[in-house]
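Biologist: Can you walk me through this one? I am new to reading structures, so keep it plain.

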Amino acid sequence: MGIKSIGLDVPGLLRDISETAITFLYPAECRVCKEFLGTTSTPYICNNCWQDIQFLEAPWCDICGTPGIHGLCEACATAPPRYGKLRTLAFYQTTLQQAIHFFKFEKKKVFARPLIQLINTHMPSDCNIAEYDFILPIPIHKKRLRERGFNQATLLANGIAKAGGVPLLTNTLVRHRHTVAQSSLNREARQQNLTGAFEIRNPAIIRDKRLLIFDDVFTTGATIREVVSELWTADPAEVDVLTLARTLNV
Ligand SMILES: [Zn+2]
Ligand SMILES: [Zn+2]
């Protein structure tokens with residue numbers, strides 16, 4: 001005897017059960033503002049908080065993107081970094097910090113989609129993805145990849161690459177040495193920790209190409225500096241950097 005014959009609305013019942021399960025699994029309080037979560041497009045963070053991201057506004061340093069600077073900042077004027085320009089979407093605080101935390105450290109892949117959407121709709125005005133030959137996410141070591149199950153920078157960069165119609169390059173720049181988590185180290189130790197951590201496989205692919213490096217969070221720039229200097233050994237035409245967030249102290 002089928003369930004339908006006793007008059008049950010099976011699809012409706014399943015929907016009710018799954019909605020109950022969602023309410024049960026996801027706490028009803030927004031993790032950012034602590035208000036009632038309500039109906040949201042993503043778990044944990046309310047729709048109001050998603051509207052509250054602090055995007056960087058021009059002017060910013062022509063090279064390193066430090067906000068509040070016309071032309072070049074003092075550091076770039078005296079000893080410019082080796083990339084052409086670094087651009088960032090928003091400050092690493094409140095909603096964005098929480099969303100990246102869920103995504104990266106709590107391994108909640110469901111955050112990839114809203115973060116990609118955020119990047120593609122708030123791209124800095126002087127960053128044109130279509131100008132690049134390749135997008136290269138900052139790689140993580142295979143040990144960390146095993147632990148986390150995915151590279152957060154690769155997932156985000158893939159969404160940017162797709163929207164911009166630019167190929168994503170993931171096998172050329174590799175992290176061949178496992179390093180201690182950068183967040184556990186001070187500024188000097190961070191640079192030392194990374195020396196020789198990256199290598200380029202098949203450098204011919206990027207020779208004379210315009211490259212855009214992508215990372216989720218820019219903190220001291222130690223990782224970016226190391227990657228950029230490694231990339232230049234393969235003679236690309238251009239190396240720029242895009243990050244989703246940057247901490248307030250840089
Ligand atoms: Zn909220
Ligand atoms: Zn600068």
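Modeller: Here is a short tour, from the overall build to some odd backbone spots. This is a predicted model, where local features need pLDDT of at least 70, side-chain atom pairs count only at pLDDT 80 or more, and totals for chains, interfaces and linings use all residues. Residues are numbered from 1 along each chain as its sequence is written, and chains are lettered from A and ligands numbered from 1 in the order in which they are written.

Biologist: How many helices and strands does the protein have?

Modeller: Nine helices and six strands. Both are DSSP runs numbered from the N terminus: helices are H or I with at least four residues, strands are E with at least two.

Biologist: What does the C-alpha trace span?

Modeller: About 75 × 40 × 35 Å along its principal axes.

Biologist: Now strand β6. Is it mostly covered or uncovered?

Modeller: Mostly covered. β6 covers residues 238–246, and seven of its nine residues are buried. Buried means 20 or more other C-beta atoms within 10 Å of the residue's own; exposed means 12 or fewer, and partly exposed is in between, with C-beta atoms placed from the backbone.

Biologist: Which strands pair with β6?

Modeller: β1 (residues 86–91) runs parallel to β6, joined by five bridges. β5 (residues 210–218) also pairs with β6 in the parallel sense, over eight bridges. Pairing needs at least two DSSP bridges between the strands.

Biologist: And what stands opposite A245 in β6?

Modeller: A90 does, and V217 does too.

Biologist: Switching to helices. How do α5 and α7 cross?

Modeller: The axes of α5 (residues 112–121) and α7 (residues 152–164) come within 9 Å and cross at roughly 45°. The two are therefore oblique to each other. Angles under 35 degrees count as roughly parallel, over 145 as roughly antiparallel, 65 to 115 as roughly perpendicular, and the rest as oblique.

Biologist: Which residues meet there?

Modeller: A112, L115, I116, I119 and N120 in α5 meet L155, L156, G159, I160 and A163 in α7. Contact means C-beta atoms, placed from the backbone, within 7 Å.

Biologist: Where are the odd backbone spots?

Modeller: A cis peptide bond joins A58 and P59, with omega about 5°. K107 is not a glycine, yet its phi is positive, about 60°. N202, also not a glycine, has a positive phi near 55°. Most residues other than glycine have a negative phi, and most peptide bonds are trans.

Biologist: Is N202 buried or exposed?

Modeller: Exposed, with 10 other C-beta atoms within 10 Å. N202 sits in the loop between β4 (198–200) and β5.

Definitions and conventions: Axes are lines fitted to C-alpha atoms, for helices over the stretch in contact, and angles run from 0 to 180 degrees between N-to-C directions. Two residues are in contact if their C-beta atoms, placed from the backbone, lie within 7 Å.
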